[in-house]
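The following exercises are to be worked with the sequence and the structure in view. Each task is followed by a solution in steps.

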Amino acid sequence: MDYQIFSWINGLAGQNAFLDEAGRLIGNEFFMPSTFGLLLFGLWIGTRDRVAREKNQEAIIGVVLALALVTVLVNLTYFLHQRPRPFLAHEVNLLITAPTDPSFPSNSSSVAFAVAASVWMINRPLGRVLLIPALLVALSRVFLGVHYPSDVLGGAAFGFFSSIACSYFLRRFPAIPVSIIRVARNIFLA
Amino acid sequence: MEYFLFIFFASVAVIQLAGAWQNLKFLLFVRNRALSFILSSLLIIASYYWFFFLGGRQARDTGGDTQLLLFPAATLASMVFTLFLSSIINSGKKRRETPKSDVAASGEGIEVLKEMTYWQAARRKSPADKN
């Protein structure tokens with residue numbers, strides 16, 4: 001089933017030059033994490049209303065924590081279980097250079113969903129918007145031939161879990177984000 | 001290094017966009033807000049084009065862990081660069097002695113940059129300047 005879905009999505013690769021380029025852009029390891037990061041950086045400074053800005057800043061602190069947690073979880077899973085990439089086991093349309101780390105879970109997918117879910121916990125409209133590029137990242141990784149669908153689903157689950165855990169942690173200890181924002185305001189950076 | 005430069009220039013542009021949006025006049029390199037919007041947007045587009053479309057970087061997949069270090073380093077560097085350069089550029093502008101907004105009058109937060117440069121705000125806050 002996993003391989004069948006993979007074959008169907010990856011089978012679309014190499015048929016349309018524009019689709020291939022779009023897949024390479026969205027699914028490469030730099031584009032979406034950097035775009036998410038720059039967007040959140042802009043929100044940290046650029047929200048006009050102070051209350052809304054502090055809400056966004058709390059969300060960004062949650063994102064940073066969730067990213068740290070998901071990175072640890074993903075690397076721990078890589079250490080415990082090394083699933084071979086699809087291009088090592090099957091004949092696939094590989095559109096980017098072959099990654100050398102294990103296939104499960106998808107790191108890109110876990111990062112994208114950790115960001116989107118962490119923002120969604122505090123800012124629902126923006127979180128919903130960020131879920132769309134996160135889904136596109138997951139889809140593109142299968143399209144590019146570097147992950148099975150179960151890898152990106154696993155990555156999404158890791159991302160959601162990390163953001164829920166960090167959100168719970170920050171709710172239990174609200175003084176942490178408040179203190180960080182207060183320090184940043186004291187040096188005119190928030 | 002290329003990734004650092006991409007994030008550095010894009011972050012400088014994001015800070016200028018955010019500053020223009022919030023009307024943080026003393027954070028901007030260019031006085032005209034509309035021009036600031038246009039130049040910042042162009043710098044973001046140029047940074048993305050250079051990094052992703054020149055040199056085939058969109059097809060690379062080499063493990064993303066370095067991003068975890070380079071992204072915060074580059075954004076921090078861009079913030080320091082912007083605060084330093086905007087303080088120099090706007091040092092000639094007359095600082096508003098009686099702040100217009102209540103928030104800026106409180107003397108904390110980024111809103112202060114509507115009324116004075118970062119350097120002036122830091123000096124106003126430092127005990128040495130008060131004595």
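**Exercise 1: The overall form of chain A**

Determine whether the radius of gyration of chain A agrees with that of a compact globule.

Solution. The model is predicted.
- Step 1. Chain A has 190 residues, and for this number a compact globule would have a radius of gyration near 16 Å.
- Step 2. The value for chain A is 18 Å, which agrees with the rule.
- Step 3. The C-alpha trace of chain A spans about 55 × 35 × 25 Å along its principal axes.
- Step 4. Of the 190 residues, 48% count as buried.

**Exercise 2: Secondary structure and contacts**

State how many helices and strands chain A has, and what share of its contacts between residues at least 6 apart joins residues at least 24 apart in sequence.

Solution.
- Step 1. Chain A contains 9 helices and 0 strands. Read from the N terminus, the order of elements is α-α-α-α-α-α-α-α-α.
- Step 2. When contacts in chain A between residues at least 6 apart in sequence are considered, 76% of them join residues at least 24 apart.

**Exercise 3: A pair of packed helices**

Describe how α3 and α4 of chain A pack.

Solution.
- Step 1. Two packed helices are described by the angle between their axes and by the distance between these axes.
- Step 2. For helix α3(A), residues 31-46, and helix α4(A), residues 50-80, the angle is about 145 degrees and the axes are 9 Å apart.
- Step 3. The crossing of α3(A) past α4(A) is left-handed.
- Step 4. Leu40(A), Leu43(A) and Trp44(A) make the contact from α3(A), while α4(A) contributes Asn56(A), Gln57(A), Ile60(A) and Val63(A).
- Step 5. By class, the residues of this contact are 5 nonpolar, 2 polar and no charged.

**Exercise 4: The nonpolar core**

Identify the residues with the most contacts inside the largest nonpolar core.

Solution.
- Step 1. The largest nonpolar core has 79 residues.
- Step 2. Within this core, Val115(A) and Ala116(A) have the most contacts.
- Step 3. If neighbours within four places in sequence are left aside, Ala116(A) is in contact with Gly127(A), Leu130(A), Leu131(A) and Ala134(A).

**Exercise 5: Unusual backbone geometry**

Find where the cis peptide bond between Phe104(A) and Pro105(A) lies, and decide whether Phe188(A) is buried or exposed.

Solution.
- Step 1. Most residues other than glycine have a negative phi, and most peptide bonds are trans.
- Step 2. Phe104(A) and Pro105(A) are joined by a cis peptide bond, with omega about -10 degrees. Pro105(A) belongs to the loop between α5 (86-89) and α6 (107-122) of chain A.
- Step 3. Phe188(A), which is not a glycine, has a positive phi near 60 degrees and is placed in the segment after α9 (175-186) of chain A.
- Step 4. A residue is buried if 20 or more other C-beta atoms lie within 10 Å of its own. Phe188(A) has 21 such atoms within 10 Å and is therefore buried.
- Step 5. Asn23(B) also has a positive phi, of about 60 degrees, and lies in the loop between α1 and α2 (33-53) of chain B. With 13 other C-beta atoms within 10 Å, Asn23(B) is partly exposed.

**Exercise 6: The side of chain B that touches chain A**

Name the element that gives the largest share of this side of chain B.

Solution.
- Step 1. In the contact between the chains, 30 residues of chain B meet 28 residues of chain A.
- Step 2. On chain B, the elements giving two or more residues are α1 (2-22), α3 (65-89) and α5 (118-125).
- Step 3. The largest share, 10 residues, comes from α1(B).
- Step 4. This side of chain B has 18 nonpolar, 8 polar and 4 charged residues.

Definitions and conventions. Residues numbered from 1 in each chain as written. Chains lettered and ligands numbered in written order. Predicted model: local features only at pLDDT ≥ 70, side-chain atom pairs only at ≥ 80, totals over all residues. Helix = DSSP H or I, 4+ residues; strand = E, 2+ residues; numbered from the N terminus. Rg over C-alpha atoms; globule rule 2.2 N^0.38 Å. Buried ≥ 20, exposed ≤ 12 C-beta atoms within 10 Å, placed from the backbone. Contact = placed C-beta atoms within 7 Å. Nonpolar A, V, L, I, M, F, W, Y, C, P; charged D, E, K, R; others polar. Axes fitted to C-alpha atoms, helices over the stretch in contact; angles between N-to-C directions. Left-handed = near helix turned anticlockwise from the far one by under 90°. Core = buried A, V, L, I, M, F, W, Y, C linked by C-beta atoms within 7 Å.
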